[in-house]
Amino acid sequence: PSSSVQQQQPPALPGGGEPGTTTTDPASGRVLVNGISQLRWEDLEAAGLGESDLRRLSAYVSMLVDVQVITDLLPTISRLYFEKRMAAAPDGSPGVSLTLSQAAVLLGLGLQLHPITDLATTQLQLGTTQVTALLYQVCRAVLQFIQKLRPPSEQKGSEDATMGEEAGDAPGGSNPAAAAEPGDSATPKRRFSGGRAGGRPKRPRAG
């Protein structure tokens, strides 16, 4: 009933669509966008994104691991996005809103299950570097949205997930969010090398 909901400022719908109608059900406290229940922190585990999955996503956004580490998360992320369950945060603020290019990459990798190379060269006719950069932007936006879901009681000890949100700049100060522009070949490149992080370089042998 219209009397049981409180009207809020409508956010843009996923994929760049027209703003949706955002309401809050006082009985459950859930935010609804066009009648669709939006994600809350307690929904993530059942939706298929556990704490270890979020750590992997954070590590990828922090440019510590390669994309292969998070490809198994893309079907879940894609499903939640295209079901429009990430359109608004619990406080009613805008959620994940992707460009058409970003949404096409998420659709191709997460729902159609194309390999990155096939999606880039055959389906979208883009460079692999550009598709990888678009995927990075998607994952960063999703991680930032998930950080909005985390309740204050869960904030302590969540530095790893927060680090992914704050480490969005590529080495040298360039932002990977700009790497997906046509003709730009920049992409996140910092990865685990198998050695101890921050270790000293080996000394050359004498003689």
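Buried means under 20% relative accessible area, exposed means over 50%, and partly exposed lies in between (1.4 Å probe, protein chains only). The model is predicted: local features need pLDDT of at least 70, side-chain atom pairs count only at pLDDT 80 or more, and totals for chains, interfaces and linings use all residues. Residues are numbered from 1 along each chain as its sequence is written, and side-chain values use heavy atoms, with hydrogens and water left out.

**Exercise 1. Classify asparagine 34 by accessibility, then describe its backbone and place.**

Step 1. Asparagine 34 has 45% relative accessibility, so it counts as partly exposed.

Step 2. Its phi is positive, about 55 degrees, although asparagine 34 is not a glycine. Most residues other than glycine have a negative phi.

Step 3. Asparagine 34 sits in the loop between strand S3 (31-33) and S4. Helices (H or I, at least four residues) and strands (E, at least two) are DSSP runs, numbered from the N terminus.

**Exercise 2. Describe lysine 84 and methionine 63 by their phi values.**

Step 1. Lysine 84 has a phi near 65 degrees, a positive value in a residue other than glycine.

Step 2. Lysine 84 belongs to the loop between H3 and H4. Its relative accessible area is 33%, so lysine 84 is partly exposed.

Step 3. Methionine 63 follows H2 and has a positive phi near 65 degrees.

**Exercise 3. Work through the salt bridges of arginine 40 and arginine 85.**

Step 1. Apply the rule: a side-chain nitrogen of Lys or Arg lies within 4 Å of a carboxyl oxygen of Asp or Glu. The structure holds 7 salt bridges.

Step 2. Arginine 40 and glutamate 42 meet through their side chains at 3.1 Å, N to O. Arginine 40 is partly exposed, because its relative accessible area is 21%.

Step 3. Arginine 85 pairs with aspartate 43, with the closest N and O atoms 3.9 Å apart. This pair links distant parts of the chain, 42 residues apart. Arginine 85 is in the loop between helix H3 (74-82) and H4, and aspartate 43 is in the loop between strand S4 (36-37) and helix H1 (44-47).

Step 4. Aspartate 43 has a relative accessible area of 14%, so it is buried.

**Exercise 4. Place the partners of the arginine 150 and glutamate 51 salt bridge, and find the network elsewhere.**

Step 1. The side chains of arginine 150 and glutamate 51 meet at 3.7 Å, N to O.

Step 2. The partners are 99 residues apart. Arginine 150 is in the loop between helix H6 (128-149) and helix H7 (152-155), while glutamate 51 is in helix H2.

Step 3. Arginine 150 is buried at 6% relative accessible area. Glutamate 51 is partly exposed at 34%.

Step 4. Arg30, Asp43 and Arg85 are joined into one network by salt bridges that share partners.

**Exercise 5. Which geometry do the aromatic pairs have: stacked, tilted or edge-to-face?**

Step 1. Rings of Phe, Tyr and Trp (its six-membered ring) pair if their centres lie within 6.5 Å. Planes under 30 degrees apart count as stacked, over 60 as edge-to-face and the rest as tilted. The count comes to 2 aromatic pairs.

Step 2. The ring centres of tyrosine 60 and tyrosine 136 are 5.9 Å apart and the planes are at 65 degrees, so the pair is edge-to-face. Tyrosine 60 lies in helix H2 and tyrosine 136 in helix H6, so the pair ties together parts that are 76 residues apart in sequence. Both tyrosine 60 and tyrosine 136 are buried.

Step 3. The ring centres of tyrosine 81 and phenylalanine 82 are 5.0 Å apart and the planes are at 85 degrees, so this pair is edge-to-face. Tyrosine 81 is buried at 2% relative accessible area, whereas phenylalanine 82 is partly exposed at 34%.

**Exercise 6. Describe the polar contacts of aspartate 91 and glutamine 137.**

Step 1. A polar contact is a pair of N or O atoms within 3.5 Å; within protein, one must be able to donate a hydrogen and the other to accept it, and residues adjacent in sequence count only if both atoms are side-chain atoms.

Step 2. Aspartate 91 is in the loop between H3 and H4 and is exposed at 59% relative accessible area. Its side chain contacts the side chain of serine 93 at 2.6 Å.

Step 3. Glutamine 137 is in helix H6 and counts as buried at 10% relative accessibility. Its side chain makes a 2.4 Å polar contact with the side chain of glutamine 102.
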